[in-house]
Amino acid sequence: MKKISTAVITGFAICLSVVNVKAGDPSRGGQAGATELLINPWAASSGWAGANSSCVQGLEAQFLNVAGTAFTPRTDIILASTDYLDGSGIHISAFGVTQHVGASNADNSAGGALSLSIMSMNFGIIPVTTFDNPDGGIGTYNPQFIDIGVSYARNFSDQIHGGITAKFISESISNVSAFGVGIDAGIQYVTGKQKQFHFGISLKNVGPQMSYSGDGLALETALPNGSITGNTAQMTVQQRSQAYELPSLVNIGVGYDFYLKSDSSSHSQHRITVAGNFTSNSFTADEEMLGIEYGYKSFFMARVGYDYQDNVNQTLSNDPLLGGRTTVFTGFCGGITLQAPFGKNHSIFSVSYGYRATNPYNGCHTIGVRITLK
C-alpha cells in the first residue's frame, strides 16, 4: 500500500506541475523551439500514433513513457531510420540501448534499467545565400539536430514502475548553434490476473530556455568614430538571440490486453491490445490518440492508430487563430513487426515498419531493427 500510495502521489504531482502551464493553446504555436523532441524516431510505436504510452516497454518507451524501459529483460538494442515528410529531404537516424541492472527474477518485476539513445536529424545540403548573393554559389551548409537521452527506470513492484530521463539537445548550422537540457519523468501501473490493464502518466520536455549563439549573429557595421571629418569605423556588433521554451507536454494513457486462447489448456496465441492516450501540449493543440494492435505469439504484430487534433480533417492553415489544420499530420498511422526468437534463452530479433500519414508530402516512413537479449 505504501508503494501504491507513492505512485499515486507521484502521478498527482506530475499533473499539478502543469496546472499553471497554459496548455493546448493554438495561439502559442511557434513560440517553442527544439520541436524535434516531439518526433518519435522509433518504428513500432510510431504505428500506434503514440496511443501506447501506458503499455510501451523496452527502449522505445524512452520516448513516450520512460517507465516502460524498466521492463527490459536483459539488453535491448534498436537501430531506426526515418524518411521524415517524404519528399522534403529530411532524414532521421536513431540508435539506442537499454541494459537491465540490479536484481532480477522470473517475471522481471525487480531491478531496473539504464538507457542511452541518440537521435540525429539531417536536413541535407543547403546553399548559402546572402543579400548580395540571393542565388547562392558561395558555398553550402548542413544543419544538424542531435538529441541524446540518458534514462534510469525501476520496478518498484510487479505493478508499479517509474523512470526519469535527462536530455541533451544540440541544434547547429555552420556558424550558429544552441544547446539545452530537458527532463522527462513517467510512471506505469500494471494490474490484472494476466497483467492486462495498463495505466501511465508521463511529463516530457521540461527544462530551461534555449537560445542561439555564434559568429552568424555577428554584424559588421559602420559607426561614427567621432572625428571632425565625419569618417566612420567598421565595428563588429554581436546580436542576441531571443530565448525560447522547450515544447513541454503531459501524456495520460490507458490500455487493455485481450488474450484469445485456442483451447482451455494452451497459452494465449492471439492478443489484441486497445490503447488510448491524451496529450496536453503547452504550445500546440491538445491531442487524443487511439491505437489497436494484434499480436500472434511473439512472431507477428500489426497495429493501426489515429491521432486526433482540432481541425485535423480541414485544410492546412498557417494561422491557428483563423482555424484550419496547423500540422502536416492527418491522423492515420499504421505498422507491422516481424520477430524471430534465437539462442537458448529465446532472445528476439525483430524488424518493424511504421507509417504516419501527412498532407502535404508523402508521409513519414520508419524502419527499425531490434535485438532483445534475454
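What percentage of the 374 residues of the protein count as buried? In this predicted model, the share is 43%.

**Figure 1. Here is the whole protein, with its three helices and 19 strands.** Its accessible surface comes to about 18,700 Å², and carbon and sulfur atoms account for 61% of that area. Among contacts with a separation of 6 or more, 57% join residues 24 or more positions apart.

**Figure 2. Let us zoom in on Tyr 84 and Phe 329, one of five aromatic pairs found in a search of the whole structure.** The two ring centres lie 6.3 Å apart and the planes meet at 55°, so this pair is tilted. Distant parts of the chain come together here: Tyr 84 belongs to strand E1 (residues 75-84) and Phe 329 to strand E17 (residues 329-342), with their positions 245 residues apart. Tyr 84 is buried, at a relative accessible area of 10%, whereas Phe 329 is partly exposed, at 22%.

**Figure 3. Next comes the pair formed by Tyr 296 and Phe 299.** With ring centres 6.4 Å apart and planes at 45°, this pair also counts as tilted. Tyr 296 is partly exposed, with 29% relative accessibility. Phe 299 is partly exposed too, with a relative accessible area of 34%; that value falls between the 20% limit for buried and the 50% limit for exposed.

**Figure 4. Our last stop shows a charge over a ring, with Lys 204 and Phe 63 as partners.** The charged end of Lys 204 is placed over the ring of Phe 63, at 4.5 Å from the ring centre.

Definitions and conventions: Residues numbered from 1 in each chain as written. Predicted model: local features only at pLDDT ≥ 70, side-chain atom pairs only at ≥ 80, totals over all residues. Heavy atoms only, no water. Phe/Tyr/Trp six-rings, centres within 6.5 Å; stacked < 30°, edge-to-face > 60°. Helix = DSSP H or I, 4+ residues; strand = E, 2+ residues; numbered from the N terminus. Buried < 20%, exposed > 50% of the residue type's maximum accessible area, 1.4 Å probe, protein only. Lys NZ or Arg CZ within 6 Å of the ring centre and 35° of its normal. Contact = heavy atoms within 4.5 Å. Areas by Shrake-Rupley, 256 points an atom, 1.4 Å probe, with all protein chains shown as cover.
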